[in-house]
Structures are given as C-alpha cells and as structure tokens.
Amino acid sequence: MNITRSRKAASLALAGALAVTLAACSDTSEGEETPDVTTDATDEQTEEETADDEASTEAGGSSELPTPIADLGVSGSLNGSGASSQANAQQAWRDNFSADFGVTVNYNPTGSGTGREQFIGGAVSFAGTDSILDEEELAAAAQRCGSDIVELPLYISPIAIAYNVPGVDSLNLSAANVAAIFSGEITNWNDEAIAADNEGVELPDLEIVPVNRADDSGTTENFVQYIIEAAGDEAWPYEAADAWPISGTQSAEKTSGVVDLTAQTEGAITYADASQIGDLPAANVEVNGEFLAYSPEAAAAIVDGSEPTADATDLILTVDLKRDGSIADAYPVVMISYIVACTEYEDAQEAANVKGYLSYMASDEGQQAATAAGGGNAPISDDLQSRVFPAIDAIVTE
C-alpha cells in the first residue's frame, strides 16, 4: 500500500524527469567541500572531453546557486515551523545563515502537522514536513500563497527503532515483529518470535512498552508506511497517517519527547529520527532475510531505488519511497523531510529571505552542516541538488 495523491494531469509529464540519488556520506570527508560537477577545460583535455563537460552543465549538473544569496538583499528575520526531525539540522542551518548573512531565523519544531497548518494559515513563511502535502493541503497552500508552492526534499534520514532493554546491546527485528510489538500483539521481550531472530541473545522477561508520537507527525506516517509495506495489511490493518492509529498507548510530544520517555522507561521501544536518539541503541531491521543497521549509506540506497510520486513536478519534488525490503542493502525505515514555501510573497523582503535560506539549506555547505549536526542523515546528491536549485529560483523576489 503506497501513499498516493491526485493532482493535475499536466504535472505527470514532468514526473519522469526526477531521479533521486544520494551521495554516500563516506564520499565526502567532514568539512571538505564537494567538488563542483562542472569544471573548466584544461590544456590536457581533448575537445571531446570539453564537449562532455559542457553537456553536463547544460543538463543542470552544476551545484552552483542560481542566484547568489549575497545578491538577494536578505535581512531582518524569518519564521518557520514544522518537523521536529529537522531540529538539529535547522539549528545548524539557522546559526550559520545568521552568522553569514545577518538574518535571524526562527524555527519552531512543532511537528509536521502543526507546521503545515501554520504555513497554510499564514503564521510562518515556510514549513518543514516529513509527510508530503495531500491534495487538499496543496490547494489550501496555493490559496494562502496566491501562487504555486515549492515542496523540496532537503533532509533525508533513517528512522531508528530505538529501545531500552537492559543487557541487550544488539537486537534484530523483522517487519512482522515490529508490527506485532507496536500493535500490542507481542508484549514481552522474551517472546519466542523475537528470540527466533536473536539467537544467542539473552532476552529478559520484561514487559514491552511501545512509545509513539502523541502529536501529528510525519515520522509516524513514514514509520507506519514501512510496517504496512514490509509486514503487510494483515499484520497492520491501519492506514498510514500523521496521527498514531491506536489509542491507550504510551506516547509523548515531538521527537525529543518519545526519545526521553524511552530512555527513562525500561522495556520501552520507539521510532525516531536517527540523529536524535542519543545513547539509545537501535534495532537492526530485516531486509531480504538479513538484518541491517541504519546508516546514511543504507538510507541513500532506498532513495536510489525509489521513484518520484506520479504527480511530481519541477516545483514539487516528492518521492514515493519503496520500503518493502526489496532493495538490496537499503535500510527501509527512511523518511524524506520536505521544506514547503510559496513562490510569491506579498512582501519582497520575506521572499528574499525565504529564497536565501532555502538556497543555503540546499547548498553543499548547508547539507554538510546538517549532516555534521545530526550524525545520521545523508546529504542530497548533486543530481537532486541540480533540480532543487531551479525550484528555489522560481521564488519571486521583485
């Protein structure tokens, strides 16, 4: 079962153009700039090699900003809210952007649902969301803006299944067992179904305490979508949505809330952005009969193997993640967190600030800053970056 949305058929022609890949974090050492895709011809290059370089540039392969931030006249302040998964990345982005360009950026990690509501209501200039906007939200956002919107994948991270089980430093979980644990079907850590995947591990006679998000959360939707695709409808008969589908559970607000509650509760297990689980261990997830730990590289693999949503456009760069475990070496519990903004604002200064800040987030420097701050997410690739920059450049500043 996939999350799908209907939009105008005119956008379908552009969908096939989006092919998302991620650069593995190991390809770029911390603090080292990623080389530009386009280079000048040297004396040693042949005419053929020079032509290849020019063709690459024409295809949009350069990572250069289409409009330099310094030329936008950014100043003052900028307000956003939304996905708490982005909290660490947003802290790095706003600190660096403020230091470099003098703009005070306020980002409130309210959760994806609240962020989208506040953006649509005009309370903030941009929103972060782990869930793509549905048809109704798209229409409401366009009405708020009086223009097209951009929906850009600027933060990509594994969702860790973090747990607090004393004495258990390594844990394997199949999708079926993840579904059974969070649905309440399996209630004890020494259950034979868990033991079958953890030979040689001494599992305690301890009650399992599943912890879920209490607020509307795109992390919840992505996590549930993984369970549905990997374990099947019979194992999880609930739809994927921002709200947790089961009542009477242990829950907490925001990413920090579920992580803190899990850390304080023996036997607890939760799902959270991998960059924010702190000292909690995370389960290895079954992929094609083997158990795989989360990593930026494994997150990159699933995005590499996924397709754009059917209604993706040159401004809506949404991806239909394939989480069913069929992609080799791909950690399937992954989310792409998007930034949503208008292409037109009534105030030219607000437009300039939004355009500048999004440009910084998408830049090599911004992506490296987010990775350094989070420790679990992967930077967007040159290919995706070359599609994101033209969408950002569609924001009108005059």
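**Exercise 1.** Is Arg-323 buried or exposed, and at what relative accessibility?

*Solution.* The model is predicted: local features need pLDDT of at least 70, side-chain atom pairs count only at pLDDT 80 or more, and totals for chains, interfaces and linings use all residues. Residues are numbered from 1 along each chain as its sequence is written, and side-chain values use heavy atoms, with hydrogens and water left out.

Step 1. Apply the cut-offs: buried is under 20% relative accessible area, exposed is over 50%, and partly exposed lies in between (1.4 Å probe, protein chains only).
Step 2. Arg-323 has 5% relative accessibility, so this residue counts as buried.

**Exercise 2.** Identify the salt bridge between Glu-229 and Arg-323, and place both residues in the chain.

*Solution.*
Step 1. A salt bridge needs a side-chain nitrogen of Lys or Arg within 4 Å of a carboxyl oxygen of Asp or Glu; by this rule there are 5 salt bridges.
Step 2. Glu-229 is buried as well, at a relative accessible area of 16%.
Step 3. The side chains of Glu-229 and Arg-323 form a salt bridge with an N to O distance of 3.9 Å.
Step 4. Glu-229 sits in helix 8 (residues 218–231) and Arg-323 in the loop between strand 12 (319–320) and strand 13, so numbered because helices (H or I, at least four residues) and strands (E, at least two) are DSSP runs counted from the N terminus. The two residues are 94 apart and link distant parts of the chain.
Step 5. Elsewhere, salt bridges with shared partners connect Arg-116, Glu-137 and Asp-242 into one network.

**Exercise 3.** Characterise the Arg-116 and Glu-137 pair within that network.

*Solution.*
Step 1. The N to O distance of the Arg-116 and Glu-137 salt bridge is 2.9 Å.
Step 2. Arg-116 belongs to helix 4 (residues 112–120) and Glu-137 to helix 5, 21 residues apart.
Step 3. Arg-116 is buried at 9% relative accessibility, and Glu-137 is buried with a relative accessible area of 17%.

**Exercise 4.** Which cysteines form the disulfide, and what is its handedness?

*Solution.*
Step 1. The criterion is a pair of cysteine sulfur atoms within 2.5 Å; the structure holds 1 such link.
Step 2. Cys-145 is joined to Cys-342, S to S 2.0 Å.
Step 3. The angle about the S-S bond is -70°, and the link is left-handed.
Step 4. Cys-145 lies in helix 5 (residues 135–145) and Cys-342 in strand 13, 197 residues apart.
Step 5. Cys-145 counts as buried at 11% relative accessibility, and Cys-342 at 1%.

**Exercise 5.** Describe the sheet that contains strand 13, and the helix lying across it.

*Solution.*
Step 1. The sheet is open, with 8 strands in the order 2-1-3-13-4-8-6-7 and mixed pairing; strands pair if DSSP finds at least two bridges between them.
Step 2. Strand 2 (104–108) and strand 7 (250–252) are the edge strands, each pairing on one side only.
Step 3. Strand 3 (residues 126–129) and strand 13 (residues 334–342) run antiparallel and are joined by 4 bridges. Thr-129 has Tyr-338 as its bridge partner in strand 13.
Step 4. Helix 11 (residues 348–362) lies across strands including strand 4 (149–163) and strand 13, at about 45° to strand 4. Axes are lines fitted to C-alpha atoms, for helices over the stretch in contact (heavy atoms within 4.5 Å), and angles run from 0 to 180 degrees between N-to-C directions.
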